[in-house]
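Visitor: Before we discuss anything, could you please put the sequence and the coordinates up side by side?
Guide: Here they are, and your questions can follow.

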Amino acid sequence: MIVHLSVLQVIIPLMAAPACLLLRKRELVWAFATLATFLTFAVSVLLLSQVMQSGAISYEMGGWEAPWGIEYRIDMLNAPLLVLISGISAIALLAARTSIENEIPENRHSFFYIAWLLCMAGLLGITATGDAFNVFVFLEISSLATYTLIALGKDRRALWASFQYLVAGTIGATFILIGIGLMYVMTGTLNMADLAQRLPEVENTKTVFTAFAFFIVGVCMKLALFPLHLWLPNAYAFAPSIVTTFLAATATKVAVYVMIRFIFDVFGFEFSFTHFPLQEILMTLGIAGIFVASIVAIYQDNLKRMLAYSSVAQIGYLILGISFASQTGIMATLLHMLNHGLMKGALFLSMAAVVYRLGVANLSQMHGIASRMPLTMAAFLIGGLSLIGVPLTVGFISKWYLVSAALENGWWPVAAAILLGSLLSVIYIWRVIEVAYFKSVTESTPDVKEAPFSILIPLWILVLANLYFGIDTSLTVSVTQMAAADLFGGLR
Amino acid sequence: MNFLAPELMLQLTMLVPVLAIAGILLTGRSENVREAVSIIASLIVLALVIGLYQNFTAGVPVAVSWFEIMPGLSLSFRLEAMGMIFALVAGVLWLVTIFYAIGYMRSHHEQNQTRFYACFALAIGSVFGVAFASNLFTLFIFYEVLTLSTYPLVTHAGTPEAKKGGRTYLGILLGTSIAFFLFAILGTYFVAGTLEFTEGGVFPAGTSTAIGGALLVLFVFGVGKAAIMPFHRWLPAAMVAPTPVSALLHAVAVVKAGVFTLLKVGTFIFGLDFLNTLPTTDALLYLAGASVVIASLIAMRQDNLKKRLAYSTVSQLSYITAGMLLATEAGITGGAMHIAMHAFGKITLFFCAGAILVTLHKTNVSQLRGVGWQMPFTMIAFLIGTLSIIGLPPTGGAWSKWFLLSGALEADQVVIMGVLMLSSLLNIAYLLPIPVLAFFPPADGAARPAIKEAPLPSLLALSFTALMCLVLFVFPQPLYELAASITN
């Protein structure tokens with residue numbers, strides 16, 4: 001059993017999804033899906049602890065040895081991400097039953113859970129696999145499931161948003177496939193470790209350069225790097241709130257993970273940063289993304305859309321961390337991936353609570369809402385402070401390491417840019433706080449009650465995680481430090 | 001309180017105000033109980049601070065560490081002389097202000113008083129955090145809590161004007177702290193490898209003076225609470241707050257947290273020797289000097305009494321900033337003493353301004369002719385406060401100004417000496433006429449109105465602080481000893 005853990009955590013949700021069809025009642029489906037997700041979560045926690053104790057785990061699918069068969073490889077880089085994906089999914093599912101009551105027609109609830117499980121299986125698969133083509137397969141599984149989830153949104157524009165994402169996502173996936181195909185042509189292998197060994201022999205060919213370019217651009221599309229982010233705000237704004245919670249906290253992180261894996265492990269540091277002007281490109285786009293998206297966020301009335309733009313900005317930070325091309329930089333990116341998952345999870349879940357009561361998440365209808373929904377808005381406040389990077393929250397830890405990495409490279413202006421980016425997030429978060437707390441309740445404020453406990457409890461679990469991992473950083477920092485050291489240890 | 005371990009006392013000083021918040025929120029329905037909670041909490045805190053002071057003078061070292069967030073970054077506290085001064089000032093004045101506030105808030109029929117007292121307690125708790133912090137990181141956290149917890153107090157009135165003021169307040173304080181202060185902290189950590197307040201500074205020998213100079217600029221502008229120009233605008237904007245807030249927070253706690261931070265950074269992060277070698281020290285010193293004079297000139301043109309006092313505070317804060325930038329022992333001593341002296345003087349003036357507002361509903365200087373006959377105690381207290389701000393005997397302000405002057409002399413900064421002298425003259429010009437005119441006969445020869453003094457709790461409070469200004473002139477010894485021991 002223990003040896004099959006690496007594959008189990010993908011298999012469980014993948015098998016649970018069709019099984020949902022057999023259960024008719026939606027409460028049963030929900031309970032089953034949640035149970036499966038918690039099982040997956042438990043498996044990924046076990047995996048992480050195993051990796052921390054005894055190093056990377058390699059699993060051969062069907063007993064076929066690595067270069068020929070499909071290899072699943074769990075190491076310090078992807079194990080924490082597996083925990084994040086399954087953890088956020090489990091917590092979000094706790095709230096999902098209540099949250100979708102008002103947002104998804106009742107006859108589609110079963111489909112919702114099925115798509116959710118498939119999406120999660122896809123994300124976990126991308127993360128766990130050690131096979132380049134397998135990445136593409138799982139990418140398609142998760143993407144198709146995501147299009148479905150977004151299209152379930154009540155607003156008719158959800159269909160359009162889903163279609164927009166479908167077009168962008170398909171272009172991205174095609175680019176990725178072209179990249180993988182070209183790599184296969186040149187090396188005759190699809191196993192990542194094997195690719196890493198064989199690529200250096202042919203690295204000075206135009207084909208490999210083209211493969212790299214296609215692959216990176218394709219991934220950037222999926223991770224919504226500015227200016228390829230146009231699909232994201234609509235998708236996040238019109239999807240059912242609980243879906244947004246899950247996607248914002250995990251989906252883009254997985255794409256960033258793929259990028260890191262290929263840049264550092266498959267193509268190698270040498271190739272990516274010396275043969276390719278990757279550093280300049282990523283740094284420019286990262287900083288541009290931080291500023292443009294944050295400024296756009298300031299002008300949004302729909303808070304889900306505002307947080308979506310904030311996500312684009314946060315992706316800028318992640319990419320900036322990669323562009324430092326240093327151990328601290330990668331560590332900061334990995335840390336921020338986990339931390340941002342926690343903060344965006346909390347923020348979007350608080351919006352799910354608002355949407356549950358108000359039907360919308362428009363700031364213009366939230367005057368004095370904090371007096372009606374104190375716990376929800378307190379959660380938003382703490383999540384917002386974490387996003388800004390106030391000490392004692394996870395956001396501060398991320399910012400600290402990001403700025404340290406910038407200073408280590410001697411890039412003082414970049415360090416200043418990171419802090420200025422924080423200032424912009426102060427503006428768009430405080431706008432909400434001012435309206436929710438300091439505007440008096442008017443007639444346009446709907447007469448609502450506090451959100452139900454089925455949403456509040458998962459919400460506060462995430463909020464407390466934001467605080468806990470902001471104070472006790474020993475786990476997150478040591479894990480990401482080891483992962484970053486592994487990535488660089490392979491080279492030096 | 002000496003039966004408690006000093007470490008416990010130190011932590012309780014910060015925790016009691018936080019606990020008081022719970023009490024205040026729970027008893028919010030009954031005004032008297034709620035105020036009793038505030039008073040009891042502030043009495044306990046005062047007793048704790050005095051207990052700490054006794055321990056401190058006995059030479060007992062007190063240090064507490066809560067937890068380490070990252071290697072080298074911990075939330076920890078240590079008692080030293082400068083923090084002791086700040087804590088004593090805040091401890092004494094909190095109690096006094098609570099009394100004052102009770103009189104003021106009730107006779108002014110303010111709304112949301114529960115929120116007011118709760119935020120007030122949180123602000124004071126974080127002031128003690130700033131005072132006791134043993135490293136820059138801890139100090140930064142409490143500095144930010146102080147900003148956030150005072151925002152609801154500034155916007156207390158809820159009017160559009162209050163909100164606008166609140167936005168300026170938060171924008172400048174939070175903006176400078178993230179863009180400059182945090183940047184400076186990160187830079188310091190990167191260069192020196194530690195943020196611990198250390199005697200003689202943390203920068204290793206041979207640190208580039210260019211980097212040091214740049215960091216100093218970031219610190220001086222980043223600590224927006226010290227209100228050096230051009231980042232002073234939040235302070236006049238904050239005057240939309242109720243008077244007790246302006247009095248304790250914007251004359252004492254918040255602004256003093258700013259200059260206190262600067263003194264700490266100058267003494268224990270840079271160290272006076274390193275500070276002396278930096279290329280930017282002199283430029284910043286002249287900027288502080290310019291702030292002193294320009295703020296005084298602006299103060300002259302303010303007719304609104306609270307605004308005039310606010311600009312006077314901007315000017316006085318730059319005295320302390322300048323004291324740090326002089327980088328001499330007398331400068332630091334003078335700066336630290338001025339924290340206390342200015343606190344008692346300025347809080348008296350604000351108390352008086354608030355008393356005039358609630359009893360006579362007058363806010364402008366031009367309306368104050370003859371009010372001395374109606375409110376004689378208040379205006380005499382105002383006179384004493386004025387003398388202390390100017391720095392004239394027999395008030396405490398004379399001493400701190402003396403040390404600042406001798407610090408300037410030691411550093412051969414004739415310009416700064418001139419600035420300090422000029423500023424005293426300007427102070428006389430814009431403050432002294434107020435109490436003097438108040439005792440002129442009312443205009444147009446009307447009959448003297450009957451005595452109508454401020455509410456009794458408020459009157460007691462402002463008499464006490466005025467008295468303290470005089471006491472500090474006669475017995476400055478304990479304060480001087482504390483301040484002088486900072487650099488030894």
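Visitor: Which residues have the most contacts inside the largest nonpolar core?
Guide: This is a predicted model, and the values that follow are computed from it. The largest nonpolar core has 401 residues, and its members with the most contacts inside it come from chain A as well as chain B. They are A:Leu117, A:Ile150, B:Ile85, B:Val89 and B:Ala90.

Visitor: Leaving out residues up to four places away in sequence, what does B:Val89 touch?
Guide: B:Val89 is among the residues with the most contacts inside the largest nonpolar core. Once residues up to four places away in sequence are set aside, the residues that B:Val89 touches are B:Val252, B:Ile339, B:Ala340 and B:Ala343.

Visitor: What radius of gyration does chain B have, and why does it count as compact?
Guide: Chain B contains 20 helices and 2 strands, and its C-alpha atoms fill a box of roughly 75 × 55 × 45 Å along the principal axes. For 488 residues the globule rule gives 23 Å, and the value for chain B is close to that, so the chain is as compact as a globular protein of that length. The radius of gyration of chain B is 21 Å.

Visitor: Where do the buried residues of α17(B) lie, seen down the helix axis?
Guide: Helix α17 of chain B covers residues 414-431, and its 18 residues should span 26 Å at 1.5 Å a residue, which agrees with the 25 Å between its end C-alpha atoms. Its buried residues include B:Ile416, B:Val419, B:Ser423 and B:Tyr430, while B:Val414 and B:Leu425 are exposed on the other side. Seen down the axis, the buried residues fall within an arc of 125°, so they line one face of the helix.

Visitor: Which helices of chain B are included in what covers the buried residues of α17(B)?
Guide: The residues to be covered include B:Leu420, B:Leu426, B:Asn427 and B:Leu431. The cover over the buried residues of α17(B) includes, from chain B, α11 (281-300), α12 (305-325), α15 (376-390), α16 (397-410) and α18 (433-438).

Visitor: Which element supplies the largest share of the side of chain B that touches chain A?
Guide: The contact takes 19 residues from chain B and 19 residues from chain A. On the side of chain B, β1 (63-70), α5 (136-154) and α6 (160-192) each supply at least two residues, and that side divides into 13 nonpolar, 4 polar and 2 charged residues. The largest share, 11 residues, comes from α6(B).

How values were computed
Residues are numbered from 1 along each chain as its sequence is written. Chains are lettered from A and ligands numbered from 1 in the order in which they are written. This is a predicted model: local features need pLDDT of at least 70, side-chain atom pairs count only at pLDDT 80 or more; totals for chains, interfaces and linings use all residues. Two residues are in contact if their C-beta atoms, placed from the backbone, lie within 7 Å. Helices (H or I, at least four residues) and strands (E, at least two) are DSSP runs, numbered from the N terminus. Ala, Val, Leu, Ile, Met, Phe, Trp, Tyr, Cys and Pro count as nonpolar, Asp, Glu, Lys and Arg as charged, and the others, Gly among them, as polar. The expected span of a helix is 1.5 Å times one less than its number of residues. A residue is buried if 20 or more other C-beta atoms lie within 10 Å of its own, exposed if 12 or fewer, and partly exposed in between; C-beta atoms are placed from the backbone. The arc is that of the directions from the helix axis to the C-beta atoms. The radius of gyration is taken over C-alpha atoms; the globule rule is 2.2 Å times the number of residues to the power 0.38. A nonpolar core is a set of buried Ala, Val, Leu, Ile, Met, Phe, Trp, Tyr and Cys residues joined through C-beta atoms within 7 Å.
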